[in-house]
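Please find below a colleague's note on the structure, set out as numbered points. The points take up a hairpin, its surroundings, a sheet and a pair of helices.

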Amino acid sequence: MTSCVQFPHGHAQEVARSRRFNPGCCLCHCKGLFKPSMVVLRIRNAHKRKYALLVLCIAGLIMYRYLGMPVGGWRMTKNFGLNANSSQLTLEGEPFHILGGSIHYFRVPRAYWRDRLLKMKACGINTLTTYVPWSLHQPERGCFNFNMQLDLEAYISLAAELGLWVILRPGPYISSELDLGGLPSWLLRDNNMRLRTTYPGFTDAVNTFFDKLIPKVVPLQFKKGGPIIAVQIENEYGSFAKDEGYMLFLKEALQSRGISELLLTSDLHNKLRSGGVNGVLRAIKLQKLNQRDIQDLNMIQPNSPAIVMDYWTGWYDMWGNLHHVLPPEDMVSTVREILRRGMSVNLYMFHGGSSFGFMSGALTDPSYKSIVPSYDYDAPLSEAGEYTSKYHLLRDLLSQYSRGRSLPVMPALHYKTAYEAAIMYQHLSLWDALSFTEAPFKSFKPVNMENLPLNNGNGQSYGYTLYETVITSGGSLKSGDNIRDRALVFVARRYVGLFKRRSVELAVPDSKGPRTLSLLVENCGRVHQGRDLDKQRKGLVGDILLNNIPLRDFTIYSLEMKPSFIDSLYQAPWKTLSEAPSFPGFFMGRLFAYGYPSDTFVKLPGWEKGVVFINGLNLGRYWSIGPQQTLYLPSPFLNSGINQVIVFEEQEGDYRVHFENTPDLGMATDIQ
């Protein structure tokens with residue numbers, strides 16, 4: 001059961017709040033940085049103190065006006081934020097260019113936030129952009145999580161501390177290659193749900209989420225002394241555009257709750273008009289710059305600043321495809337041309353990170369394919385925070401826009417270690433693990449994941465669901481395309497075949513007497529974009545036929561693979577690994593990390609398909625079809641000493657898990 005306990009805000013957030021600028025003192029952001037022995041406090045007479053104060057204030061003003069970024073702490077409340085009333089963006093009345101980069105706090109271990117943002121700043125970036133994933137912050141109705149890894153306030157405050165502006169992208173829909181585009185799956189319990197519209201069931205849920213989210217970020221706006229200079233409404237709505245009133249609803253929802261900074265939208269060049277809303281700046285998404293894109297933007301909003309809100313530095317990967325890369329020279333030449341034209345730009349992604357667990361989404365056009373857990377994106381900063389050739393070329397370019405100052409020193413890299421392989425020494429069959437799930441649910445007809453009576457009435461969001469019923473004969477088993485997305489089929493707990501979206505018929509062997517038919521159905525990821533968002537229910541979404549007769553009387557087990565479930569398995573009847581263990585099953589081993597743990601990469605040659613858990617944390621899926629061959633394992637997930645490794649494998653395994661010091665994202669292909 002999901003816990004809704006609220007934890008105290010993180011220490012970093014309190015530190016950042018303590019540095020907010022006091023209107024009565026222009027030096028309060030430096031409080032605690034000067035001691036009586038320092039030069040400033042050695043000036044003893046009042047005249048010299050006033051003179052020193054004036055000099056420091058002028059120095060701070062010069063840093064602000066000419067560097068176009070916060071000095072490194074909280075500032076005084078300002079009346080004029082980012083302004084787009086002319087062809088040039090201005091900040092506090094001064095010309096300003098967004099040199100932005102996207103890093104998502106939910107894809108980077110919190111312990112590495114500072115490291116990644118410092119590397120961003122050292123590259124010459126002045127603005128951080130981040131999405132806000134509704135699905136992670138509100139996993140259940142009435143249950144909100146803004147703590148620990150999801151402490152958005154701490155992340156924004158850290159950006160301010162390091163001298164970065166922030167553009168916030170709070171959704172509610174964000175895409176970002178997340179399951180259901182970052183929308184919570186419990187919305188789909190409403191059979192009439194129309195996502196991304198003014199359907200009351202959707203807008204009521206949005207209002208409830210914004211009532212929690214927006215008050216947290218309002219004090220962090222530029223005009224209130226914070227780093228947030230702009231807020232994006234939704235994302236790429238022009239490609240959806242099912243409701244003319246929807247974007248206006250969101251605009252008013254943000255402004256009525258206190259958002260007062262520049263608002264903007266972001267769309268492809270041919271969707272700019274349908275994705276915008278009156279009074280809001282339109283920005284463009286692209287990977288290759290051509291004159292038509294800019295003409296479309298200028299035609300719709302003449303005499304307005306041009307912003308490339310998403311310049312795609314690479315692309316995401318899907319299971320069964322190749323690893324996508326964009327040549328570094330192509331990326332830098334496009335960014336150079338954008339800047340030469342006087343446009344602002346945000347690099348999506350600057351650092352992609354990882355979609356840990358079951359976070360990744362999917363595509364259905366032209367056919368269904370799910371997205372890998374690595375969100376490396378071929379970005380300037382790799383998935384593990386390593387510098388790439390793109391980073392160095394980009395840094396050289398952006399140094400020309402640093403107004404004569406030197407860029408910060410590049411932070412040192414973290415060590416990567418190839419640990420000794422973990423030998424799987426214990427095995428637990430799926431069937432023996434069922435007693436550690438929540439009580440099974442009985443149903444006359446199949447029930448999809450989202451409508452199962454689980455998680456305080458919010459259904460099942462991710463993972464696997466096991467459907468069992470009794471059959472008395474063999475014959476032709478037909479899915480009717482009602483399996484979402486993939487099902488292993490068992491009779492009397494022996495594997496008989498696989499259902500995928502395109503395979504709709506399977507032969508069940510004959511036998512005398514009643515037998516248990518089991519279908520282990522996996523949600524491989526809901527689509528993250530497109531016009532079929534409302535149709536993303538998972539599990540069995542309709543009847544399964546045996547000899548053209550619908551199966552009935554199901555017992556349904558939820559295998560969401562939450563940390564609490566994985567932890568409970570330590571009490572299960574594990575068996576010493578035999579030569580022929582049964583599948584599907586869980587395999588347990590140990591990783592020994594002596595001293596301070598290092599980053600590493602998990603590799604599973606000889607395994608087919610499944611999920612890796614390290615110390616109870618879901619690292620993500622693996623699949624032999626590639627392209628991704630390793631899973632990034634950050635050092636903050638490891639303990640010094642013994643670490644528990646559990647692998648859930650569907651079909652076959654090598655019983656050995658390897659740990660490499662370099663990633664393997666598969667055979668590469670250039671983005672066309």
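Which residue in the turn of the hairpin formed by strand 21 and strand 22 has a positive phi?

1. The model discussed here is predicted. In the hairpin of strand 21 and strand 22, 2 residues lie between the strands, and the turn residue with a positive phi is Ala492, at about 55°. The pairing of strand 21 with strand 22 (residues 494-499) is antiparallel and extends over 5 bridges. Within strand 22, Gly497 is the residue that stands opposite Val489.

2. Strand 21 also pairs with strand 24 (residues 515-522), again in the antiparallel sense, here over 6 bridges. Val491 has Leu517 of strand 24 as its bridge partner.

3. As to burial, strand 21 (residues 486-491) is largely enclosed by the rest of the structure, because 6 of its 6 residues are buried. The burial concerns both faces of the strand: one side carries Arg486, Leu488 and Phe490, the other Ala487, Val489 and Val491, and all of these are buried. The reader may wish to note that Arg486 is listed on the side shared with Leu488 and Phe490.

4. A further point concerns an open sheet of 6 strands. Their order is 29-16-30-35-32-33, with antiparallel pairing. Strand 29 (575-576) and strand 33 (617-623) occupy the edges; each has a single partner strand, so one side of each is left without a neighbour in the sheet.

5. Inside this order, strand 32 (residues 609-614) and strand 35 (residues 641-649) run antiparallel and are joined by 5 bridges. Phe613 stands opposite Ile646, a residue of strand 35. In general, strands of a sheet pair through backbone hydrogen bonds, in either a parallel or an antiparallel sense.

6. The last point concerns helix packing. Two packed helices are described by the angle between their axes and by the distance between those axes. For helix 7 (residues 200-217) and helix 8 (residues 246-255), the axes come within 11 Å and cross at roughly 25°. Helix 7 is therefore roughly parallel to helix 8, and the crossing of the two is right-handed.

7. Which residues make this contact between helix 7 and helix 8? Helix 7 contributes Phe202, Thr203, Val206, Asn207, Phe210 and Ile214, while helix 8 contributes Tyr246, Phe249, Leu250, Ala253 and Leu254. By character, the residues of the contact of helix 7 with helix 8 comprise 9 nonpolar, 2 polar and no charged.

Note on methods
Residues numbered from 1 in each chain as written. Predicted model: local features only at pLDDT ≥ 70, side-chain atom pairs only at ≥ 80, totals over all residues. Heavy atoms only, no water. Axes fitted to C-alpha atoms, helices over the stretch in contact; angles between N-to-C directions. Helix = DSSP H or I, 4+ residues; strand = E, 2+ residues; numbered from the N terminus. Parallel < 35°, antiparallel > 145°, perpendicular 65-115°, else oblique. Left-handed = near helix turned anticlockwise from the far one by under 90°. Contact = heavy atoms within 4.5 Å. Nonpolar A, V, L, I, M, F, W, Y, C, P; charged D, E, K, R; others polar. Buried < 20%, exposed > 50% of the residue type's maximum accessible area, 1.4 Å probe, protein only. Pairing = 2+ DSSP bridges.
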